[in-house]
Amino acid sequence: MEMILGCHAYEQTEHYMTPVEKKPREELMLPPKDKDFNRTIAYLTRTRGIDSEIVYATINQNKIYQAVTQKNGYTFQNCAFVGYDGEGKPQYCALCSSLPAVTHCFSPTVTLHGTEFQSL
């Protein structure tokens, strides 16, 4: 580089990063469960082609459920996919539309006052 430029391109510097103190994680607030999971079961078995035994097993493990959320006066019923840590505490939740024509998932923004979902 020196030969091309005729000078030093930059001086060698040392970079220091100050340690960042980690904030304690907030409790994950999962969206409420719907009264039944019919739409989620139908979506996963009929539209996605997942065997019903697998769907029912993951529902019984609380890894999948039908979430009901409201926004701007509308009620939405979505598939909720929950991920757990080694201690069995929920650490992640993604919502996907249970309508076959809509292939849309949402990423949660967790707050202490509720959960807001952003489009992925």
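Asp34 counts as buried, at 12% relative accessibility, and this residue of a predicted model lies in the loop between helix 1 (2–5) and helix 2. Once residues up to four places away in sequence are set aside, Asp34 touches Gln66, Val68 and Gln77. With Gln77 there is also a polar contact, formed between the side chain of Asp34 and the side chain of Gln77 at 2.7 Å. The C-alpha atom of Asp34 is separated by 9.3 Å from that of Asn78, although these positions lie 44 residues apart along the chain when counted as a sequence separation.

**Overall architecture**

The protein chain holds 3 helices and 5 strands, and the order in which they follow one another along the sequence is α-α-α-β-β-β-β-β. Of the 120 residues in the protein chain, buried residues make up 24%. The accessible surface of the protein chain comes to about 9,600 Å², and carbon and sulfur atoms account for 54% of that surface. Among contacts in the protein chain with a separation of 6 or more, 40% are between residues 24 or more positions apart.

**The nonpolar core**

Which residues touch the most other members of the largest nonpolar core? They are Ile59, Tyr65 and Ala80, in a core of 14 residues. The elements that give two or more residues to this core are helix 2 (38–47) and helix 3 (52–60), together with strand 1, strand 2 (74–84) and strand 3 (90–97). For Ile59, the contacts that remain when neighbours within four places in sequence are left aside are those with Phe37, Ile41 and Ile64.

**Thr69 and the aromatic pair**

Thr69 is placed in strand 1, which spans residues 64–71. Is Thr69 buried or exposed? With a relative accessible area of 17%, Thr69 is buried, because the limit for that class is under 20%. Not counting residues up to four places away in sequence, Thr69 touches Pro31, Tyr74, Thr75, Phe76, Asn78 and Leu95.

Two of these partners, Tyr74 and Phe76, also form an aromatic pair that is tilted, with 6.5 Å from centre to centre and 45° between the planes. A search of the whole structure finds 1 aromatic pair. Tyr74 is exposed, with a relative accessible area of 56%, whereas Phe76 counts as partly exposed at 37% relative accessibility.

**Loop residues**

Three loop residues are set out below with their places and relative accessibilities.

| Residue | Place | Relative accessibility |
|---|---|---|
| Asn62 | loop between helix 3 and strand 1 | 36%, partly exposed |
| Asn72 | loop between strand 1 and strand 2 | 68%, exposed |
| Asp85 | loop between strand 2 and strand 3 | 28%, partly exposed |

Asn62 has a positive phi of about 60° although it is not a glycine. Asn72, likewise a residue other than glycine, has a positive phi near 55°. The side chain of Asp85 takes part in two kinds of polar link: it reaches the backbone nitrogen of Glu87 at 3.0 Å, and a polar contact of 3.2 Å joins it to the side chain of Gln91.

**Confidence of the prediction**

The mean pLDDT of the protein chain is 79, and 72% of its residues reach 70 or more. Among the elements of the protein chain, helix 3 has the highest mean pLDDT, at 96, while strand 5 (residues 114–119) has the lowest, at 49. Over residues 109–114 the pLDDT is below 50, and this stretch nevertheless has 14 contacts in the model beyond near neighbours in sequence. Where pLDDT is low, the predicted coordinates should not be read in detail. The contacts of residues 109–114 belong to a stretch with pLDDT below 50, whereas helix 3, which gives two or more residues to the nonpolar core, has the highest mean pLDDT among the elements.

Note on methods:
Residues are numbered from 1 along each chain as its sequence is written. This is a predicted model: local features need pLDDT of at least 70, side-chain atom pairs count only at pLDDT 80 or more; totals for chains, interfaces and linings use all residues. Side-chain values use heavy atoms; hydrogens and water are left out. Helices (H or I, at least four residues) and strands (E, at least two) are DSSP runs, numbered from the N terminus. Buried means under 20% relative accessible area, exposed over 50%, partly exposed in between (1.4 Å probe, protein chains only). Contact means heavy atoms within 4.5 Å. Accessible areas come from the Shrake-Rupley method with a 1.4 Å probe; for residues, only the protein chains shown count as cover. A nonpolar core is a set of buried Ala, Val, Leu, Ile, Met, Phe, Trp, Tyr and Cys residues joined through side-chain atoms within 4.5 Å. pLDDT is the predictor's confidence in each residue, from 0 to 100. A polar contact is a pair of N or O atoms within 3.5 Å; within protein, one must be able to donate a hydrogen and the other to accept it, and residues adjacent in sequence count only if both atoms are side-chain atoms. Rings of Phe, Tyr and Trp (its six-membered ring) pair if their centres lie within 6.5 Å; planes under 30 degrees apart count as stacked, over 60 as edge-to-face and the rest as tilted.
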